[in-house]
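Q: Got a minute to go through this one with me? I'd like to start with the fold and then get to the charged pairs.

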Amino acid sequence: MKKIRAALFDLDGVVFDTEPQYTVFWGSQCREFHPEHPGLEHEIKGQTLDQIYDAWFNGNLKEIRPLLTERLNVYEAQMDYLYVEGFENFVSSLRKQNVKTAVVTSSNQQKMESVYRKHPEFKSLFDAILTSEDFEYSKPHPDCYLKAAARFRATPEECMVFEDSFNGLKSGRAAGMTVIGLATTNAAEAIAPLCDQVIKDYSSFSL
């Protein structure tokens, strides 16, 4: 493996331990609009909002999308954005080793403004922050990670991806990068086939 020049992080479940909060939100919405499908909130973990809408809020439910989006925006503005254990020390150590760091997330700019309000130091942790507005295709397409690598003029072999969702892990794999899976959202044994290594957090992980 080539020397790692860039570490590319998904946001939810990777930088922040927010997935349990999203499960609460989508659980309430799914019980309201899809009572016939108990546990749907667990099936849609790691999917983008567009993917959720296309699969579950189409046809007669398409008209409630603006309501769901408004509810989600209000919810995200009030969420607790707690770092995954060990993340801050880990990203600091990367920067001391001159490894470039980037967030590569399907979240939009409006959500990121909520993150910045909660964490004024957030931007200083990364050399780049790429959001849904920067990509043509959503995960599991490799577009987002290839664009992040290009931002640093790094080859895929020189990049390490940190992901928790199945779509995100597949995206990193498709990009030809080393993939580290965080077992924050899905079970370690479930994501292991899509990873080079599985970790529960950053407390005992280093390059």
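A: Sure. One term before we start: when I say a helix lies across strands, contact means heavy atoms within 4.5 Å. Also keep in mind that this is a predicted model.

Q: Okay, so which strands does helix α5 lie across?

A: Helix α5, residues 87-96, lies across β1 (6-9), β2 (100-104) and β4. Its direction is at about 150 degrees to β1.

Q: And which ones does α7 lie across?

A: Helix α7 (residues 143-151) lies across β1, β2, β3 and β4, and runs at about 155 degrees to β3.

Q: What's the strand order in the sheet?

A: The order is β3-β2-β1-β4-β5-β6, an open sheet of six strands with parallel pairing. At the edges sit β3 (128-130) and β6 (197-199), each pairing on one side only. On average, neighbouring strands are turned by 20 degrees against each other, direction ignored.

Q: How many bridges join β4 to β5?

A: Four bridges, between residues 159-163 of β4 and residues 178-182 of β5, and the two strands run parallel. Within that pairing, Val 161 stands opposite Val 179 of β5.

Q: Switching to charges: how many salt bridges does the structure hold?

A: It holds 10 salt bridges. One of them joins Glu 163 and Lys 139, at 2.6 Å from N to O. Glu 163 is in strand β4 and Lys 139 in the loop between β3 and α7, so this pair ties together parts 24 residues apart in sequence.

Q: Are Glu 163 and Lys 139 buried or exposed?

A: Glu 163 is buried, because its relative accessible area is 0% and the cut-off for buried is under 20%. Lys 139 is buried too, at 6%.

Q: Which other residue is linked in a network with Lys 139 and Glu 163?

A: Asp 10 is; the three are linked in a network of salt bridges.

Q: What about Asp 127, which residue does that one pair with?

A: Asp 127 forms a salt bridge with Arg 95, with the closest N and O atoms 3.4 Å apart. Asp 127 is in the loop between α6 (109-118) and β3, while Arg 95 is in helix α5, 32 residues apart. Asp 127 is partly exposed at 36% relative accessible area, and Arg 95 counts as partly exposed at 31%.

Q: Last one: where do Arg 173 and Asp 196 sit?

A: Their side chains meet in a salt bridge at 3.2 Å, N to O. Arg 173 is in helix α8 (residues 166-174) and Asp 196 is in the loop between α9 (188-191) and β6, 23 residues apart. Arg 173 counts as partly exposed at 33%, and so does Asp 196 at 48%.

Notes
Residues numbered from 1 in each chain as written. Predicted model: local features only at pLDDT ≥ 70, side-chain atom pairs only at ≥ 80, totals over all residues. Heavy atoms only, no water. Pairing = 2+ DSSP bridges. Axes fitted to C-alpha atoms, helices over the stretch in contact; angles between N-to-C directions. Salt bridge = Lys/Arg side-chain N within 4 Å of Asp/Glu carboxyl O. Buried < 20%, exposed > 50% of the residue type's maximum accessible area, 1.4 Å probe, protein only.
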